[in-house]
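Reader: I've got a model open and would like to talk through its domains and its ligand site. Can you walk me through it?

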Amino acid sequence: MITARQLQKEFKTPVVREGRFSGLRTLFSREYVSKEAVRDISFDIPQGEFVGYIGPNGAGKSTTIKMLTGILHPTSGEVLLAGMNPHQERLQTVRRLGVVFGQRSQLWWDLPVKDSYDILAEMYGVPAELKRKRLAQFAELLDLESFWSTPVRKLSLGQRMRADLAASMLHDPELLFLDEPTIGLDVNAKRNIRQFLRTINEEFGKTILLTTHDMDDIEQLCSRVMVINHGRLTYDGTISSLRDTIGLPTIIRVTYRGEFHIPDAIPPAIQITGVDGLVVTVQVNRKEWSTMNILKLLEQWGEIIDVEMQEPDFEDIIHQVY
Ligand SMILES: Nc1ncnc2c1ncn2[C@@H]1O[C@H](COP(=O)(O)OP(=O)(O)OP(=O)(O)O)[C@@H](O)[C@H]1O
(Lines give C-alpha, C1' and ligand atoms only; values in the text may rest on other atoms or scores of the structure.)
Protein backbone atom coordinates (compact mmCIF):
# COMPACT_ATOMS: atom_id res chain seq x y z
CA MET A 1 0.00 0.00 0.00
CA ILE A 2 2.93 2.35 0.81
CA THR A 3 6.25 1.71 -0.92
CA ALA A 4 9.41 3.72 -0.49
CA ARG A 5 12.46 2.83 -2.58
CA GLN A 6 15.88 4.33 -1.78
CA LEU A 7 14.29 7.58 -0.77
CA GLN A 8 16.68 10.51 -0.30
CA LYS A 9 16.17 14.16 0.51
CA GLU A 10 18.90 16.72 0.52
CA PHE A 11 18.20 20.30 1.60
CA LYS A 12 20.44 23.07 0.35
CA THR A 13 20.53 26.25 2.40
CA PRO A 14 22.61 29.39 1.70
CA VAL A 15 25.66 29.89 3.90
CA VAL A 16 24.80 32.59 6.44
CA ARG A 17 27.18 35.58 6.14
CA GLU A 18 28.47 37.39 9.20
CA GLY A 19 29.14 41.10 9.68
CA ARG A 20 27.78 44.24 7.92
CA PHE A 21 24.85 43.75 5.53
CA SER A 22 24.87 40.06 6.47
CA GLY A 23 21.20 39.62 5.46
CA LEU A 24 21.79 41.05 1.98
CA ARG A 25 25.06 39.18 1.51
CA THR A 26 23.38 35.91 2.54
CA LEU A 27 20.58 36.61 0.06
CA PHE A 28 23.00 36.97 -2.85
CA SER A 29 25.39 34.26 -1.68
CA ARG A 30 26.16 31.45 -4.10
CA GLU A 31 27.52 29.25 -1.39
CA TYR A 32 25.28 26.55 0.00
CA VAL A 33 25.50 23.94 2.72
CA SER A 34 23.67 20.72 2.14
CA LYS A 35 21.90 18.60 4.68
CA GLU A 36 20.93 15.00 3.95
CA ALA A 37 17.68 14.80 5.90
CA VAL A 38 16.68 11.36 4.57
CA ARG A 39 19.19 8.84 3.26
CA ASP A 40 18.42 5.72 1.30
CA ILE A 41 15.17 4.70 3.00
CA SER A 42 13.22 1.72 1.67
CA PHE A 43 10.16 -0.04 3.09
CA ASP A 44 6.83 -1.61 2.17
CA ILE A 45 3.69 -1.18 4.26
CA PRO A 46 0.86 -3.57 3.32
CA GLN A 47 -2.82 -2.64 3.51
CA GLY A 48 -4.29 -2.55 7.00
CA GLU A 49 -1.00 -2.25 8.87
CA PHE A 50 -0.54 0.27 11.71
CA VAL A 51 3.08 1.39 11.66
CA GLY A 52 4.88 3.69 14.09
CA TYR A 53 7.59 5.90 12.62
CA ILE A 54 9.83 7.16 15.37
CA GLY A 55 13.17 8.86 15.88
CA PRO A 56 14.78 11.70 17.81
CA ASN A 57 14.25 15.38 16.93
CA GLY A 58 15.60 16.22 13.50
CA ALA A 59 15.93 12.54 12.49
CA GLY A 60 13.98 13.01 9.24
CA LYS A 61 10.45 11.82 10.14
CA SER A 62 8.48 14.83 8.89
CA THR A 63 10.63 15.04 5.76
CA THR A 64 9.80 11.39 4.98
CA ILE A 65 6.07 11.95 5.57
CA LYS A 66 6.13 15.05 3.36
CA MET A 67 7.76 13.03 0.56
CA LEU A 68 5.30 10.16 1.00
CA THR A 69 2.32 12.48 0.83
CA GLY A 70 3.64 14.39 -2.19
CA ILE A 71 4.28 17.69 -0.36
CA LEU A 72 8.05 17.46 -0.96
CA HIS A 73 9.87 16.06 -3.98
CA PRO A 74 12.53 13.49 -3.11
CA THR A 75 16.06 14.28 -4.30
CA SER A 76 16.11 10.69 -5.53
CA GLY A 77 14.24 7.45 -4.97
CA GLU A 78 10.64 6.51 -5.48
CA VAL A 79 7.34 6.59 -3.58
CA LEU A 80 4.27 4.58 -4.52
CA LEU A 81 0.94 4.92 -2.73
CA ALA A 82 -1.54 2.24 -3.76
CA GLY A 83 0.66 1.78 -6.85
CA MET A 84 0.60 5.49 -7.76
CA ASN A 85 3.30 8.12 -7.69
CA PRO A 86 2.01 10.93 -5.40
CA HIS A 87 3.96 13.56 -7.34
CA GLN A 88 2.94 12.55 -10.84
CA GLU A 89 -0.60 11.42 -10.07
CA ARG A 90 -1.36 14.12 -7.53
CA LEU A 91 -5.15 14.28 -7.70
CA GLN A 92 -5.75 10.53 -7.73
CA THR A 93 -3.47 9.99 -4.73
CA VAL A 94 -4.77 12.82 -2.53
CA ARG A 95 -8.21 11.25 -2.79
CA ARG A 96 -6.84 8.08 -1.25
CA LEU A 97 -4.88 9.58 1.62
CA GLY A 98 -5.64 11.58 4.72
CA VAL A 99 -3.05 13.64 6.59
CA VAL A 100 -3.05 15.07 10.10
CA PHE A 101 -0.25 17.31 11.33
CA GLY A 102 -0.66 17.72 15.09
CA GLN A 103 1.05 21.11 15.01
CA ARG A 104 -1.11 22.53 12.21
CA SER A 105 -4.80 22.40 11.44
CA GLN A 106 -6.35 21.81 8.05
CA LEU A 107 -9.57 23.46 9.21
CA TRP A 108 -10.60 27.07 8.56
CA TRP A 109 -9.63 28.99 11.66
CA ASP A 110 -12.54 31.46 11.80
CA LEU A 111 -15.30 29.14 10.61
CA PRO A 112 -17.46 26.84 12.73
CA VAL A 113 -16.21 23.24 12.60
CA LYS A 114 -19.20 22.05 10.57
CA ASP A 115 -18.53 24.68 7.84
CA SER A 116 -14.99 23.33 7.37
CA TYR A 117 -16.49 19.90 6.76
CA ASP A 118 -18.85 21.37 4.14
CA ILE A 119 -15.91 22.95 2.30
CA LEU A 120 -13.81 19.75 2.48
CA ALA A 121 -16.72 17.63 1.27
CA GLU A 122 -17.11 20.00 -1.73
CA MET A 123 -13.38 19.87 -2.46
CA TYR A 124 -13.27 16.08 -2.43
CA GLY A 125 -16.63 15.67 -4.14
CA VAL A 126 -18.21 13.73 -1.27
CA PRO A 127 -21.99 13.37 -1.95
CA ALA A 128 -24.24 15.01 0.69
CA GLU A 129 -25.72 11.72 1.88
CA LEU A 130 -22.30 10.12 2.39
CA LYS A 131 -21.02 13.24 4.13
CA ARG A 132 -23.97 13.14 6.54
CA LYS A 133 -23.46 9.43 7.22
CA ARG A 134 -19.72 9.69 7.82
CA LEU A 135 -20.00 12.78 10.01
CA ALA A 136 -22.66 11.09 12.13
CA GLN A 137 -20.28 8.16 12.62
CA PHE A 138 -17.30 10.40 13.49
CA ALA A 139 -19.45 12.58 15.75
CA GLU A 140 -20.25 9.50 17.75
CA LEU A 141 -16.72 8.08 17.81
CA LEU A 142 -15.02 11.41 18.51
CA ASP A 143 -17.82 13.17 20.39
CA LEU A 144 -17.87 16.15 18.00
CA GLU A 145 -21.43 17.36 18.72
CA SER A 146 -20.51 19.56 21.69
CA PHE A 147 -18.37 21.90 19.55
CA TRP A 148 -20.00 21.44 16.17
CA SER A 149 -20.83 25.13 15.75
CA THR A 150 -17.77 26.57 17.50
CA PRO A 151 -15.18 28.43 15.39
CA VAL A 152 -12.00 26.37 15.13
CA ARG A 153 -9.86 29.07 16.79
CA LYS A 154 -11.94 28.70 19.97
CA LEU A 155 -11.48 24.93 20.29
CA SER A 156 -9.28 23.35 22.93
CA LEU A 157 -6.30 21.42 21.62
CA GLY A 158 -8.02 18.08 22.23
CA GLN A 159 -11.20 19.22 20.46
CA ARG A 160 -9.16 20.59 17.56
CA MET A 161 -7.34 17.28 17.12
CA ARG A 162 -10.64 15.36 17.12
CA ALA A 163 -12.08 17.79 14.57
CA ASP A 164 -8.94 17.45 12.41
CA LEU A 165 -9.04 13.64 12.52
CA ALA A 166 -12.65 13.63 11.34
CA ALA A 167 -11.69 16.08 8.57
CA SER A 168 -8.89 13.81 7.38
CA MET A 169 -11.31 10.89 7.13
CA LEU A 170 -14.24 12.68 5.48
CA HIS A 171 -13.36 11.50 1.96
CA ASP A 172 -12.83 7.96 3.31
CA PRO A 173 -9.13 7.56 2.43
CA GLU A 174 -7.50 4.13 2.67
CA LEU A 175 -4.25 5.60 3.98
CA LEU A 176 -3.72 7.88 6.92
CA PHE A 177 -0.51 9.78 7.73
CA LEU A 178 -0.44 11.15 11.25
CA ASP A 179 2.32 13.44 12.44
CA GLU A 180 2.16 13.78 16.23
CA PRO A 181 -1.63 13.57 16.61
CA THR A 182 -1.44 13.39 20.42
CA ILE A 183 1.07 16.19 21.01
CA GLY A 184 0.18 18.32 24.03
CA LEU A 185 -2.98 16.37 24.87
CA ASP A 186 -4.03 15.27 28.36
CA VAL A 187 -4.40 11.60 29.29
CA ASN A 188 -8.10 11.50 28.57
CA ALA A 189 -7.86 13.18 25.19
CA LYS A 190 -4.99 10.85 24.22
CA ARG A 191 -7.11 7.85 25.18
CA ASN A 192 -10.01 9.05 22.99
CA ILE A 193 -7.77 9.67 20.01
CA ARG A 194 -6.06 6.28 20.40
CA GLN A 195 -9.41 4.53 20.62
CA PHE A 196 -10.55 6.24 17.42
CA LEU A 197 -7.34 5.27 15.60
CA ARG A 198 -7.66 1.68 16.79
CA THR A 199 -11.24 1.54 15.50
CA ILE A 200 -10.44 2.93 12.06
CA ASN A 201 -7.52 0.54 11.74
CA GLU A 202 -9.16 -2.62 13.06
CA GLU A 203 -12.76 -2.13 11.99
CA PHE A 204 -12.42 0.07 8.89
CA GLY A 205 -9.14 -1.53 7.72
CA LYS A 206 -7.29 1.77 7.25
CA THR A 207 -3.52 1.69 6.77
CA ILE A 208 -1.87 4.10 9.19
CA LEU A 209 1.62 5.56 9.44
CA LEU A 210 2.02 7.33 12.75
CA THR A 211 4.83 9.65 13.81
CA THR A 212 5.04 10.43 17.48
CA HIS A 213 7.37 11.05 20.40
CA ASP A 214 4.87 9.37 22.71
CA MET A 215 6.04 5.80 23.18
CA ASP A 216 2.68 4.84 24.72
CA ASP A 217 1.06 5.67 21.36
CA ILE A 218 3.45 3.25 19.68
CA GLU A 219 3.12 0.49 22.26
CA GLN A 220 -0.65 0.66 22.39
CA LEU A 221 -1.38 1.06 18.69
CA CYS A 222 1.33 -0.18 16.37
CA SER A 223 2.02 -3.70 15.21
CA ARG A 224 5.27 -2.58 13.61
CA VAL A 225 7.75 0.13 14.35
CA MET A 226 10.31 1.82 12.09
CA VAL A 227 13.11 3.80 13.69
CA ILE A 228 14.90 6.59 11.82
CA ASN A 229 18.08 8.22 13.06
CA HIS A 230 20.26 10.75 11.21
CA GLY A 231 18.09 10.16 8.15
CA ARG A 232 18.65 6.39 8.03
CA LEU A 233 16.29 3.57 8.90
CA THR A 234 17.94 1.82 11.82
CA TYR A 235 15.17 -0.63 12.75
CA ASP A 236 12.09 -2.03 11.03
CA GLY A 237 10.14 -4.79 12.77
CA THR A 238 7.79 -5.68 15.60
CA ILE A 239 7.98 -4.13 19.05
CA SER A 240 8.65 -7.53 20.62
CA SER A 241 11.61 -8.29 18.38
CA LEU A 242 12.91 -4.79 19.10
CA ARG A 243 12.79 -5.72 22.79
CA ASP A 244 14.68 -8.92 22.00
CA THR A 245 17.24 -7.17 19.81
CA ILE A 246 18.08 -4.59 22.43
CA GLY A 247 18.09 -7.19 25.17
CA LEU A 248 17.60 -4.96 28.19
CA PRO A 249 17.32 -7.03 31.38
CA THR A 250 14.01 -8.36 32.62
CA ILE A 251 13.50 -8.13 36.36
CA ILE A 252 12.13 -11.28 38.04
CA ARG A 253 11.03 -11.25 41.66
CA VAL A 254 10.32 -14.62 43.30
CA THR A 255 8.93 -15.27 46.77
CA TYR A 256 9.98 -18.53 48.46
CA ARG A 257 7.72 -20.39 50.88
CA GLY A 258 10.45 -20.82 53.45
CA GLU A 259 14.12 -21.54 53.52
CA PHE A 260 15.97 -21.20 50.20
CA HIS A 261 19.58 -21.60 49.18
CA ILE A 262 21.42 -19.52 46.57
CA PRO A 263 24.40 -21.49 45.24
CA ASP A 264 27.84 -19.88 44.98
CA ALA A 265 28.08 -20.42 41.25
CA ILE A 266 25.27 -18.90 39.18
CA PRO A 267 25.31 -18.34 35.41
CA PRO A 268 26.79 -14.93 34.49
CA ALA A 269 23.64 -13.96 32.53
CA ILE A 270 21.70 -13.86 35.80
CA GLN A 271 22.38 -11.17 38.37
CA ILE A 272 20.97 -11.15 41.88
CA THR A 273 19.99 -7.55 42.61
CA GLY A 274 18.25 -8.00 45.95
CA VAL A 275 17.37 -10.43 48.74
CA ASP A 276 14.68 -9.19 51.11
CA GLY A 277 13.39 -11.83 53.55
CA LEU A 278 11.90 -14.54 51.38
CA VAL A 279 11.89 -12.37 48.24
CA VAL A 280 14.76 -12.65 45.77
CA THR A 281 15.14 -10.25 42.84
CA VAL A 282 17.19 -11.17 39.80
CA GLN A 283 17.97 -9.38 36.55
CA VAL A 284 18.31 -11.48 33.46
CA ASN A 285 18.92 -10.89 29.81
CA ARG A 286 16.17 -12.88 28.09
CA LYS A 287 18.12 -12.86 24.85
CA GLU A 288 20.44 -15.33 26.55
CA TRP A 289 18.06 -17.16 28.91
CA SER A 290 14.45 -18.16 28.31
CA THR A 291 11.89 -17.46 31.05
CA MET A 292 11.28 -21.21 31.48
CA ASN A 293 14.96 -21.91 32.08
CA ILE A 294 15.30 -19.06 34.56
CA LEU A 295 12.28 -20.28 36.53
CA LYS A 296 13.61 -23.85 36.50
CA LEU A 297 16.88 -22.59 37.96
CA LEU A 298 15.16 -20.46 40.63
CA GLU A 299 13.02 -23.46 41.61
CA GLN A 300 16.16 -25.40 42.44
CA TRP A 301 16.94 -22.85 45.19
CA GLY A 302 13.71 -23.41 47.14
CA GLU A 303 9.92 -23.72 46.89
CA ILE A 304 8.51 -20.73 44.97
CA ILE A 305 5.05 -19.40 45.93
CA ASP A 306 4.93 -16.23 43.83
CA VAL A 307 6.61 -14.85 40.70
CA GLU A 308 6.52 -11.27 39.45
CA MET A 309 8.09 -10.23 36.15
CA GLN A 310 8.86 -6.72 35.00
CA GLU A 311 9.70 -6.26 31.34
CA PRO A 312 12.04 -3.43 30.36
CA ASP A 313 10.21 -0.17 29.82
CA PHE A 314 9.63 0.63 26.13
CA GLU A 315 11.02 4.16 26.60
CA ASP A 316 14.29 2.63 27.87
CA ILE A 317 14.46 0.35 24.85
CA ILE A 318 13.91 3.24 22.46
CA HIS A 319 16.51 5.26 24.30
CA GLN A 320 19.03 2.53 23.43
CA VAL A 321 18.12 2.69 19.73
CA TYR A 322 18.41 6.49 19.59
N1 LIG B 1 13.03 23.01 4.52
C2 LIG B 1 14.17 22.64 5.09
N3 LIG B 1 15.33 23.25 4.76
C4 LIG B 1 16.51 22.89 5.32
N5 LIG B 1 16.63 21.89 6.23
C6 LIG B 1 15.51 21.26 6.60
C7 LIG B 1 14.22 21.58 6.06
N8 LIG B 1 13.28 20.78 6.62
C9 LIG B 1 13.95 19.97 7.48
N10 LIG B 1 15.28 20.26 7.48
C11 LIG B 1 16.32 19.58 8.25
O12 LIG B 1 16.23 18.19 7.97
C13 LIG B 1 16.45 17.43 9.16
C14 LIG B 1 15.24 16.51 9.40
O15 LIG B 1 14.12 17.32 9.75
P16 LIG B 1 12.67 16.71 10.06
O17 LIG B 1 11.75 17.87 10.29
O18 LIG B 1 12.32 15.75 8.99
O19 LIG B 1 12.94 15.93 11.41
P20 LIG B 1 11.90 15.20 12.40
O21 LIG B 1 12.42 13.82 12.60
O22 LIG B 1 10.52 15.36 11.89
O23 LIG B 1 12.13 16.06 13.72
P24 LIG B 1 11.10 16.46 14.93
O25 LIG B 1 10.88 15.23 15.74
O26 LIG B 1 11.93 17.49 15.68
O27 LIG B 1 9.87 17.03 14.29
C28 LIG B 1 16.71 18.44 10.28
O29 LIG B 1 18.10 18.58 10.43
C30 LIG B 1 16.08 19.71 9.76
O31 LIG B 1 16.75 20.84 10.27
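Author: Sure, starting with the ligand. A residue counts as near a molecule if its C-beta atom, placed from the backbone, lies within 6 Å of it. Keep in mind that this is a predicted model.

Reader: Which residues surround the ligand, then?

Author: With that cut-off of 6 Å, the shell can be listed by name. The ligand is surrounded by Phe11, Thr13, Lys35, Ala37, Gly55, Asn57, Gly58, Ala59, Gly60, Lys61, Ser62 and Thr63.

Reader: Which element gives the most to the shell around the ligand?

Author: Three elements each put two or more residues into the shell: β1 (2–14), β2 (32–45) and α2 (61–68). The top contribution is 3 residues, and the element behind it is α2.

Reader: How many residues of the shell are polar?

Author: Gly is counted among the polar residues here, which matters with names like Gly55, Gly58 and Gly60 in the shell. Next to 3 nonpolar and 2 charged residues, the polar count is 7.

Reader: On to the domains. How far apart are the C-alpha centres of domain 1 and domain 2?

Author: The domain assignment gives domain 1 as 45–244 and domain 2 as 249–321. Between their C-alpha centres the distance is 42 Å.

Reader: And which element gives the largest share of the side of domain 1 that touches domain 2?

Author: The contact takes 9 residues from domain 1 and 7 residues from domain 2. On the domain 1 side, the elements giving two or more residues are α8 (215–221), β9 (232–237) and α9 (239–246). The largest share is 3 residues, and it comes from α9.

Reader: What about the classes on that side: how many are nonpolar?

Author: That side of domain 1 has 3 charged residues and 1 polar residue. The nonpolar count is 5.

Conventions: Residues numbered from 1 in each chain as written. Predicted model: local features only at pLDDT ≥ 70, side-chain atom pairs only at ≥ 80, totals over all residues. Domains from an automatic or database assignment. Contact = placed C-beta atoms within 7 Å. Helix = DSSP H or I, 4+ residues; strand = E, 2+ residues; numbered from the N terminus.
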